[in-house]
Structure formats: C-alpha cells, structure tokens
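User: Can you walk me through this fold? Show me the thing and we'll take it from there.

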Amino acid sequence: KCVKSLRDAFNAALEFAEHPKGWLVLLGKSYCGKTHLAAAIGNFRISSGGEVIMTGVSPLLDYLKKPFDSNSDITFDSRYREMMMTPLLILDDMQESGVHSKWAEDRLYQLFNQRYNMQLPTVITSIMGPDDFSVNYSNLWNRMIDSSFSNTYVIDMPPYRSVAKGSKLAAHKKK
C-alpha cells in the first residue's frame, strides 16, 4: 500500500509535468517525497522552456507582504499578479490554518480561488491529510476534490530519512 501510493503520485507527477492541466495536490507526512516530486515537475517544465514559480507558502506570503514593509517601487498588486498569472505555480508546505495571519490566509485563498477560476496549473503540497485539510481549508478543499480539475494523492510512505537510516543500519549489521 505504501509503495503503491508513492508510485501513483509519481505517475501523476510525470503526467502533470508533461501536460500541466488543473491542480495536482500531494499530501503526506514530512520527507515522504512530496517536495521532491513537485520540484521534479518544476525542473522538467523549466527544461522544456516553461515558466514556473516554485516556493514555499510561508516565503510566498513574506514576498507578498514585502511592499508594505518598505519604500518599495514594487506594489503588492504587481507581486500578487505575478503569482496569479504564472503559467505554473508550485506551492510547497501548505500548513494548518492559524499559522499565518488572517490577512495572509485570505490572500492565499484569493490566489487559489483565482487560479482555480482561470484554470491555471497549480501544484500544492502539504503534510495535512485529507481530513485535516478539509477542516482547515474547507472552501479550498472543495476545489481540490473537483475531479474534473484537480487530482489529489496521499503519499502513505514513512519519512525517507528513517527508511534510509534503517537500510544503512541493516547494511552495517550485515558486515
């Protein structure tokens, strides 16, 4: 079951990289491969001449707030439009609601809502499972379960680092 969930997510990521349409949502525990798959999609699209923005959710929100903190020549609207209109947006590490300010969560929802309405390809990763995601972001979750537009995969693998350490220990014991 664990390996199958990773294989399914891998195949979906491969298909999405070749033909980015709709949303690809990758859920699973830390270090199960979500970010690796998302980065592979982004790198493939870039190597094919595509435009991609890949960022973590927290750095994205900091980036959007930056024009308010200084005498910047760049406006919030221009930064927001950049995120909204990019041909492929990959947002890594969506966290539980309440981690960010209400303003930040509203901007994030607005961004997702507009990308959904405009049918723009988007990849989202999160350590939240389906139940937690649906509770924390119910409106967003309703878009994620729209099977005509979005594909959601739960990667049910143990953290890669613990698997790697376990195999190193096993190899060491064999000697």
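Analyst: One term before we start: contact means heavy atoms within 4.5 Å. The model is predicted, so local features need pLDDT of at least 70, side-chain atom pairs need 80 or more, and totals for chains, interfaces and linings use all residues. Numbering starts from 1 along each chain as its sequence is written, and side-chain values use heavy atoms, without hydrogens and water.

User: Sheet first. What's the strand order?

Analyst: It is 2-3-4-1-5, in an open sheet of 5 strands with parallel pairing. Strands are DSSP E runs of at least two residues, helices H or I runs of at least four, both numbered from the N terminus. Two strands pair if DSSP finds at least two bridges between them.

User: Which are the edge strands?

Analyst: Strand 2 (53-56) and strand 5 (150-155), each pairing on one side only.

User: How many bridges join strand 1 to strand 4?

Analyst: There are 5, between residues 23-28 and residues 122-126. Leucine 26 has threonine 125 of strand 4 as its bridge partner.

User: Where does helix 3 lie?

Analyst: Across strand 2 and strand 3 (89-94), at about 100 degrees to strand 2. Angles run from 0 to 180 degrees between N-to-C directions, with axes fitted to C-alpha atoms, for helices over the stretch in contact.

User: And at what angle do helix 3 and helix 5 cross?

Analyst: Roughly 105 degrees, with the axes coming within 11 Å. That makes helix 3 roughly perpendicular to helix 5 (65 to 115 degrees).

User: Which residues meet there?

Analyst: Val57, Leu60, Leu61, Lys65 and Phe68 in helix 3 meet Trp103, Ala104, Leu108 and Leu111 in helix 5. By class, the contact of helix 3 with helix 5 has 8 nonpolar, no polar and 1 charged residues. Nonpolar is Ala, Val, Leu, Ile, Met, Phe, Trp, Tyr, Cys and Pro; charged is Asp, Glu, Lys and Arg; the others, Gly among them, are polar.

User: Switching to pockets. What's the volume of the second largest?

Analyst: About 170 Å³. A pocket is an open set of points on a 1 Å grid where a 1.4 Å probe fits, with protein on both sides within 12 Å along at least five of seven lines; lining residues have an atom within 4 Å of a point. Volume is the space filled by probe spheres set on the points.

User: Which helix gives the most to its lining?

Analyst: Helix 5, with 4 residues. The lining of the second largest pocket includes Leu108, which also belongs to the contact with helix 3.

Methods. Angles under 35 degrees count as roughly parallel, over 145 as roughly antiparallel, 65 to 115 as roughly perpendicular and the rest as oblique.
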